Structures are given as structure tokens and as C-alpha cells.
Amino acid sequence: MSTKEQEYYSIGEVSKICNISKKALRFYDKIGIISPDKISEENNYRFYSKETLLSVPVIKYFKQMGFKLDEMRDFLEGSSYQAHEKGFRLKIDELKQLEEEIHISYTSVKDWYDLILEAESVIENDVTEVSIKYMDSFTTCYLEQEFSYNYMESVINIEWTNYLEQIDRAITGPVIHWFPSHQDKIAGEKTKFRIMQTIITDCGDNPTMTLGGYMVASCYHIGAHETINDTYEKIFKWARDHGYQCAEDSVERYVTDYWTIRNAEEFVTEVLIKVTR
């Protein structure tokens, strides 16, 4: 209840009415956001007017919008539209940046989670037979390198990471290697390859490469990368038996690898080679 002489509310009453803790009210007073209108000289009790009490819902809404307490002072004073316009414009810019960062984080986590589910399903169902499928077209940035046959270094690729930082691009999804000649790669000869991943936004003015938009022979390889030639041979044999011609280049899509798990026997890699009749 308010005192009889004026409509003042004790800190406990404000706490109950506005569903806010007394601790928060004391903190607001300390930093000058909401201060009591009257403090009893006898017992140091705090009392708030109805007008001051009504500041609490306003503060709650500002918090919902992402404003920090020290950003609210000018708004609570209600001195001018200009203060609101400037403060809101700055907050909108800040939240747009935050939205972009959250989008990047969400996309990265979600795509990696999907790869884990894919690998678990491949291993559980022993999906290692060759199949024909349409490979969707996608365009991404890439970095061309010499292939050293050290899969760990080529997958967790420091040069690629540094390049992405240099061009200021965020990536997601599996590491992909494109080999211009799978025969040279299988033979262990010196060869170049291109490393790429899906770019979350766009590649800008940086060099790009488009893959897909055609039929491929696809086969999952379960196990260490050093035995991946067995999967290539499986694809070649299947293609011969079914009257298909394999293109010269190939794609290795590392579903799960050193990024996710250290047990090489549980690595899952998808080998994709363009085929035609």
C-alpha cells in the first residue's frame, strides 16, 4: 500500500508490482537509472512515486531491445527525439552486425552437425557401394596448392585458413579437394589440387570455381585417407561394368576427418567423379 500523505510505494511494493527484485532496484539507484523519490530519515526506507514506478516497464522493454543500462539514461529522461533517433540508429547498426555474426555461427554449427549425422548414418548402414546421382552446382572460393599426400595437413590446412582470413570470408561445411587428374593422384605423382569450402556469404572479387551441375559416380570411403585409392578403383570398376566413362578430375568431400575425430578408421569421405555414357 502507498503512504496516506502521497502516493509513494516502498521498494518491496515496487518489487511485487513490477516483478523486479529489490536488488535490481538498489542497483538501478546506484547507477542513476531509477532513484527513489523519498528516503525515510528514520529508517532509510526507500519510496517511489507512481511516475517513477512506471519507468520499470520501459527499462524492461529497452532491455528486450538489447540496450545496456548505461545506454538508457538519455531515453529515460525523454529530453528529445534526437537522443532516441541517434541511440536507436546506433543500436540497429550494432544488432545488424550481431545478426550477421549469429547467422555465421548458426550456419557453421548446423552444417557441421549435419556432417556428423551423415557420417554416423554411413557407418551404421555401411554405405560403401557406388551410386549415380546428380551433383548440385555450387560456386566457391578456392586455393590451389601442391598435394603433399599428408592428408592431415591438407585437410586442416593452415594456408587455407590464413587465406580465408586474408580475404575476410567465413566458410562452412566439409573441406573439399578437387584434383585435376585422379590418375596422377592415385599414382602418387606430384600434382596440384584445389581446396575449397562453402562460403557463407559470397566470394567477392576473389577467384572462384564452379563444381557440379552434372551426374557423378559417388562412393563413400570409410576409414583412413591413405586407403582411399581402393574406393577410386571401386568406382572405376563399377563405371566399366555399367558402361560409363569417368572424367579426368575428381572431388574428395571430407564428411568427417581430423576436424571431428582422431580415430582414422571412422573417417568418412565421399569420392565423386563426373560420368557420362
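On one side of helix H8 (residues 158-167), Ile 158, Glu 165 and Gln 166 are exposed. This is a helpful place to enter the structure, which is a predicted model. The buried residues of H8 are Trp 160, Tyr 163, Leu 164 and Ile 167. Viewed down the helix axis, these buried residues fall within an arc of 100°, so they line one face of H8. Their cover includes strand S5 (138-141) together with S6, S7 and S8.

The strands that help to cover H8 deserve a look of their own. Strand S8 (residues 192-199) is mostly covered, with six of its eight residues buried. Strand S6 (residues 143-146) runs antiparallel to S8, and four bridges join the two. Strand S7 (residues 171-179) also pairs with S8 in the antiparallel sense, here over five bridges. Within the pairing of S7 and S8, Ile 176 stands opposite Met 196 of S8.

Between S6 and S8, one pair of residues appears twice in the analysis. Glu 144 has Arg 194 in S8 as its bridge partner, and the side chains of Arg 194 and Glu 144 also meet in a salt bridge (3.0 Å, N to O). Arg 194 belongs to strand S8 and Glu 144 to strand S6, so the pair ties together parts that are 50 residues apart in sequence. Is Glu 144 buried, partly exposed or exposed? Its relative accessibility is 41%, so Glu 144 counts as partly exposed.

Another sheet is built from three strands. This sheet is open, its order is S1-S3-S2, and its pairing is antiparallel. Strand S1 (8-10) and strand S2 (38-39) stand at the edges with a single partner strand each, so one side of each has no neighbour in the sheet. S2 and strand S3 (residues 46-49) run antiparallel and are joined by two bridges; in S3, Phe 47 is the bridge partner of Lys 38.

Strand S3 is also linked to a helix through a salt bridge. Asp 29 pairs with Arg 46, and their closest N and O atoms are 2.4 Å apart. Because Asp 29 lies in helix H2 (residues 22-31) and Arg 46 in strand S3, this contact ties together parts that are 17 residues apart in sequence. Arg 46 has 23% relative accessibility and therefore counts as partly exposed.

Helix H6 (residues 81-125), which contains Leu 98, offers a salt bridge within a single helix. The side chains of Glu 94 and Lys 91 meet there at 3.1 Å, N to O. Both residues lie in H6, three residues apart, which is about one turn of the helix. An α-helix has 3.6 residues a turn, so residues three or four places apart point the same way. The two partners nevertheless fall into separate exposure classes: Lys 91 counts as buried because its relative accessibility is 3%, while Glu 94, at 34%, counts as partly exposed.

A nonpolar patch on the surface is formed by Leu 95, Leu 98, Ile 102 and Tyr 106, which together have about 390 Å² of accessible area. Leu 98 of this patch has a relative accessibility of 38%, so this residue counts as partly exposed.

Finally, how many salt bridges does a search of the whole structure find? The search finds 13. Elsewhere, Glu 118, Lys 133, Arg 253 and Glu 270 are linked in a network of salt bridges.

Key: Residues are numbered from 1 along each chain as its sequence is written. This is a predicted model: local features need pLDDT of at least 70, side-chain atom pairs count only at pLDDT 80 or more; totals for chains, interfaces and linings use all residues. Side-chain values use heavy atoms; hydrogens and water are left out. Buried means under 20% relative accessible area, exposed over 50%, partly exposed in between (1.4 Å probe, protein chains only). Two strands pair if DSSP finds at least two bridges between them. Patches are made of residues with over 30% relative accessible area and no salt bridge: like charges are joined within 9 Å, nonpolar side chains (Val, Leu, Ile, Met, Phe, Trp, Tyr) within 5 Å. Accessible areas come from the Shrake-Rupley method with a 1.4 Å probe; for residues, only the protein chains shown count as cover. A salt bridge is a side-chain nitrogen of Lys or Arg within 4 Å of a carboxyl oxygen of Asp or Glu. The arc is that of the directions from the helix axis to the C-beta atoms. Contact means heavy atoms within 4.5 Å.
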